[in-house]
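Subject: Structure handover

Hello,

Here is the structure I said I would pass on. My notes on it follow below.

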Amino acid sequence: MSHGPRSGLYAVSSALLAMSRHLEVRDVLKTIVASARELLDAEYAALGVPDDHGGFAQFVVDGVSDEQWKAIGPLPRQHGILAAMLHEAKPERLADVREDPRFEGWPSAHPEMSDFLGLPIRDGDEIIGALFLANKRCPKPEGGCGFTEDDEELLSILAQHAAIALTNARLYERSRELTIAEERSRLAHELHDAVSQKLFSLRLTAQAAAALVDRDPGRAKGELQQVAALAAEAADELRAAVVELRPAALDEDGLVATLRTQVQVLDRAHTARVTFTTRGVRALPAAQEEALLRVAQEALHNALRHSGAERVDVTLDKRGPGAVLRVMDDGSGFDPRAIRRAGRHLGLVSMRDRASGVGGALTVESEPGKGTTIEMEVPGG
């Protein structure tokens, strides 16, 4: 092995720690590839995640510049040596990949590669990716491969942990998608209620106009004008449902835009006035943004469903490198001394857990008949 035992163990440990730090699939893939290339001292490394149509759903490279990657062209298909790793599920260690009978040629802009080491990444019986390296940086034996059996064993260990990291990242993203889907469903239900109320009023007003049209045309005209106004409001609500209930994209739109959108939806769906203001907040670490969003949603749900509030104000302000969120309502409030019972009922325990889980803090101020203020502070990055 090209590394001494101490440096080799340190390098493996560093690679595994790096993989475990990421939750996004794309970040995990990049870390796996970079770790493998550094660990085995190769010039190039790549990892492909197959799709169900003979291509790759994702393909990540390390050691190839952005200009080279653009010049290479479309992603490869599952053919030749790549297909062998995906379908035959065994390692491949070659002195010169170009001389292998399964080699089908690469685009002209593709870097020159000779010695090659590749192996599948497996989750149980399922092959979830293929990891491969090329051009070992070392003197090569005449006609032999620079990658050794020790290298193959080391890459095999890395691939096993890569499978765990990749599976965990996929589960995390799936969990987040389910949470977003649940939130969309809840918002859709609330918008449906608001539109249904308007349509019910529209129907009653139209019936009243029909009853008055013969005996009191003047009043009937007024009722018909009200019908037109209610129809316009219902159309606005339906338009809002189409626009606002697109998939929530915290990672794309950011916390401020996502919070503003949800507050606007809730303001339309409820009789209470719901507002949002923000000052000076920039992007925060993803985990902190998600925790702030979930606490805001829980606090808004409590205020609008349980407190009888006529007004709910949401603010998000910069505080040092971090931020502070406040959700204030003028509802019925509660006695904080009865925190055990109220905490279970209002989800305060889960809110505190979310705050502490990202190094933040949650405070609750409330008094019977005088509303509630929930404040969450996070430290930033």
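Among contacts in the chain between residues at least 6 apart in sequence, 62% join residues at least 24 apart. Please keep in mind that this is a predicted model. The chain has 381 residues, and 43% of them count as buried. Its accessible surface comes to about 20300 Å², with 52% of that belonging to carbon and sulfur atoms. There are 10 helices and 10 strands in the chain.

The sheet

One open sheet is built from 5 strands in the order 6-7-8-10-9, and its pairing is mixed. Strand 6 (273-279) and strand 9 (361-366) are the edge strands, each pairing on one side only. On average, neighbouring strands of this sheet are turned by 10 degrees against each other, direction ignored.

Inside the sheet, strand 8 (residues 322-329) and strand 10 (residues 372-378) run antiparallel and are joined by 7 bridges. Arg326 has Glu375 in strand 10 as its bridge partner.

Two helices go with these strands. Helix 8 (residues 286-305) lies across strand 6, strand 7 (311-319), strand 8, strand 9 and strand 10, and runs at about 5 degrees to strand 8. Helix 10 (residues 348-357) packs on the sheet and touches strand 9 and strand 10. The direction of helix 10 makes about 145 degrees with that of strand 9.

Helix 2

Helix 2 covers residues 25-40, which is 16 residues. From its first C-alpha to its last it reaches 23 Å, close to the 22 Å expected at 1.5 Å a residue. The buried residues of helix 2 include Val25, Val28, Leu29, Ile32 and Val33. Also buried in helix 2 are Thr31, Ser35, Ala36, Leu39 and Leu40. Just after the helix comes Asp41, with a positive phi of about 55 degrees.

Cysteines

How many disulfides does the count come to? The count is 0, where a disulfide would need a pair of cysteine sulfur atoms within 2.5 Å. For Cys138, the closest cysteine sulfur is that of Cys145, at 8.2 Å, so the two are too far apart for a bond. Seen from Cys145, the closest cysteine sulfur is likewise that of Cys138. Cys138 is partly exposed, with a relative accessible area of 26%, whereas Cys145 counts as buried at 15% relative accessibility.

Regards

Conventions. Residues numbered from 1 in each chain as written. Predicted model: local features only at pLDDT ≥ 70, side-chain atom pairs only at ≥ 80, totals over all residues. Heavy atoms only, no water. Pairing = 2+ DSSP bridges. Helix = DSSP H or I, 4+ residues; strand = E, 2+ residues; numbered from the N terminus. Axes fitted to C-alpha atoms, helices over the stretch in contact; angles between N-to-C directions. Contact = heavy atoms within 4.5 Å. Expected span 1.5 Å × (residues − 1). Buried < 20%, exposed > 50% of the residue type's maximum accessible area, 1.4 Å probe, protein only. Areas by Shrake-Rupley, 256 points an atom, 1.4 Å probe, with all protein chains shown as cover.
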